[in-house]
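Student: Could you take me through this structure one feature at a time, giving the general idea and then the case at hand?

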Amino acid sequence: MPTRLPRIAPSEITPEEIYFSRRALLAGALAAGVGTLARAADDGPPASAAPLSFTPNPRYSVTEAANKYDEITTYNNFYEFGTSKEDPSRNARNFRTQPWNVRVDGEAEVRGNFTLEDILKGQSLEERVYRFRCVEAWSLVVPWVGFPLASLLARFKPTSRAKYVEFTTLLDPNRMPGQRVAVLDWPYVEGLRMDEAMHPLTLMVVGLYGRTLPNQDGAPLRLIVPWKYGFKSIKSIVKIRFTDTQPRTAWNIATPNEYGFYANVNPAVDHPRWSQATERRIGAPFLAARRPTLPFNGYATEVASLYQGMDLKRYF
């Protein structure tokens, strides 16, 4: 069981601007006195990552250049492996994802335990280049490989009572050292309305840059909901539950005034400790101008109709 140490308050987590200023100073010192220590930024996936068979999907891909592999895999929010952005890439190296099972439960005709092979059976993998926006006001462009979540959920035949779908991350403090500290009420739980889950943009992801998903990015199975802040895109999924009530989700439980259930990217709704009106693209020069945040992360044409008539400042 996780050690019940005092919870780390969100106010104690280093703000993004301070973090990057420290990082820029450190980078300057290394360049001046030590030289380059990391892999070249344009290196691709390591040879140990298995290649995937997939088809590029331009219909749902943005035309912006994707971030480099190193940028996507060394700057991560994955508190199960630590609260610093670099912790997951260090602490998840030996995380084993085989065998892997997913429990399906709740308001569905087909329920039970399924292996990862069961989940992938019959799925046609595709690559989609998506914008990925974090609530801390930074962003990436990522070439994910996966399949529409809708094609998986339909196999379980949700009943008419299924109004939401809830996802749960693996709970295993021995394998996920961040769970030994009560930063959140583990295990991590997220959820979507059924119409959000069944939207064609919502992707169940198994790969990155054409190869199997790195541990620090949510292997072996994670969600991507590109018009929402990144904390909605739950990682290392072991349970899917259909329910008639709105799920109680991890960050909404921890800090409900900061992290709403819907988490739609909305430049008009500030986080209590920083503005969401602009964002910094990871990999851009530190002093480069920030870019305006796009409503629904740039996917308004596709998804705004899902929220017609809703007060998106109240239901943030």
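Student: Which residues is Ile240 in contact with, leaving aside its neighbours within four places in sequence?

Tutor: This is a predicted model, and within it Ile240 is in contact with Val102, Arg103, Val104, Asp105, Leu152, Leu153, Val165, Glu166, Phe167 and Met204, once neighbours within four places in sequence are set aside. Two of these partners, Val165 and Phe167, are listed together with Ile240 among the residues that have the most contacts inside the largest nonpolar core.

Student: How many residues does the largest nonpolar core have, and which strand gives the most to this core?

Tutor: The largest nonpolar core has 80 residues, and those with the most contacts inside it include Trp144, Met204, Trp227 and Phe242. Strand β5, which spans residues 138-148, gives the most to this core, with seven residues. For the protein chain as a whole, 51% of the 316 residues count as buried, and the secondary structure comes to eight helices and 13 strands. Of the contacts with a separation of 6 or more, 74% are accounted for by residues 24 or more positions apart. Turning to the surface, the protein chain exposes about 14700 Å², of which carbon and sulfur atoms supply 53%.

Student: How should I read the aromatic pairs, and how many does the structure hold?

Tutor: A pair of aromatic rings is described by the distance of the centres and the angle of the planes. The structure holds 15 aromatic pairs. One of them is formed by Tyr69 and Tyr209, with 6.2 Å from centre to centre and 65° between the planes, an edge-to-face arrangement. Because Tyr69 lies in helix α2 (residues 69-73) and Tyr209 in the loop between β8 (203-208) and β9 (211-212), the pair ties together parts that are 140 residues apart in sequence.

Student: Are Tyr69 and Tyr209 buried or exposed?

Tutor: Tyr69 counts as buried, at 6% relative accessibility, whereas Tyr209 is partly exposed, with a relative accessible area of 30%. Another pair is that of Phe78 and Phe81, whose ring centres are 5.0 Å apart and whose planes are at 80°, so this pair is edge-to-face. Both Phe78 and Phe81 are buried.

Student: Which residues form one aromatic cluster, and which ring does Lys232 lie over?

Tutor: Tyr164, Phe261, Tyr262, Phe296 and Tyr307 form one aromatic cluster. Lys232 lies over the face of Phe261, at 4.1 Å from the ring centre, and Phe261 is one of the members of that cluster. Elsewhere, Arg131 lies over the face of Tyr299, at 5.5 Å from the ring centre.

Student: What should I look for in the backbone, and where are the cis peptide bonds?

Tutor: Omega is the angle to read here: a cis peptide bond joins Trp186 and Pro187, with omega about 0°, and the peptide bond from Ala219 to Pro220 is also cis, with omega near -5°. Pro187 has its place in the loop between β6 and β7 (189-193), while Pro220 is in the loop between β9 and β10 (222-224).

Student: What are the phi values of Ala137 and Lys157?

Tutor: Phi of Ala137 is near 75°, a positive value in a residue other than glycine, and Lys157, likewise not a glycine, has a positive phi of about 55°. Ala137 is found in the loop between β4 (126-133) and β5, where it is buried, with a relative accessible area of 3%. Lys157 belongs to the loop between α5 (149-153) and β6 and is partly exposed, with a relative accessible area of 46%. Beyond residues up to four places away in sequence, Lys157 touches Ala108, Glu109 and Val110. The C-alpha atoms of Lys157 and Glu109 are separated by 5.4 Å, although these residues are 48 apart along the chain.

Student: Where does pLDDT stay under 50, and how should such regions be read?

Tutor: Where pLDDT is low, the predicted coordinates should not be read in detail. Here pLDDT stays under 50 over residues 2-6, for which the model has eleven contacts beyond four places in sequence, and over residues 10-42, for which the model has 38 such contacts. Among the elements of the protein chain, helix α1 (residues 16-33) has the lowest mean pLDDT, 38, and strand β6 (residues 164-169) the highest, 99. The mean pLDDT of the protein chain is 89, and 86% of its residues reach 70 or more.

Methods: Residues numbered from 1 in each chain as written. Predicted model: local features only at pLDDT ≥ 70, side-chain atom pairs only at ≥ 80, totals over all residues. Heavy atoms only, no water. pLDDT = per-residue confidence, 0-100. Helix = DSSP H or I, 4+ residues; strand = E, 2+ residues; numbered from the N terminus. Contact = heavy atoms within 4.5 Å. Phe/Tyr/Trp six-rings, centres within 6.5 Å; stacked < 30°, edge-to-face > 60°. Buried < 20%, exposed > 50% of the residue type's maximum accessible area, 1.4 Å probe, protein only. Lys NZ or Arg CZ within 6 Å of the ring centre and 35° of its normal. Areas by Shrake-Rupley, 256 points an atom, 1.4 Å probe, with all protein chains shown as cover. Core = buried A, V, L, I, M, F, W, Y, C linked by side-chain atoms within 4.5 Å.
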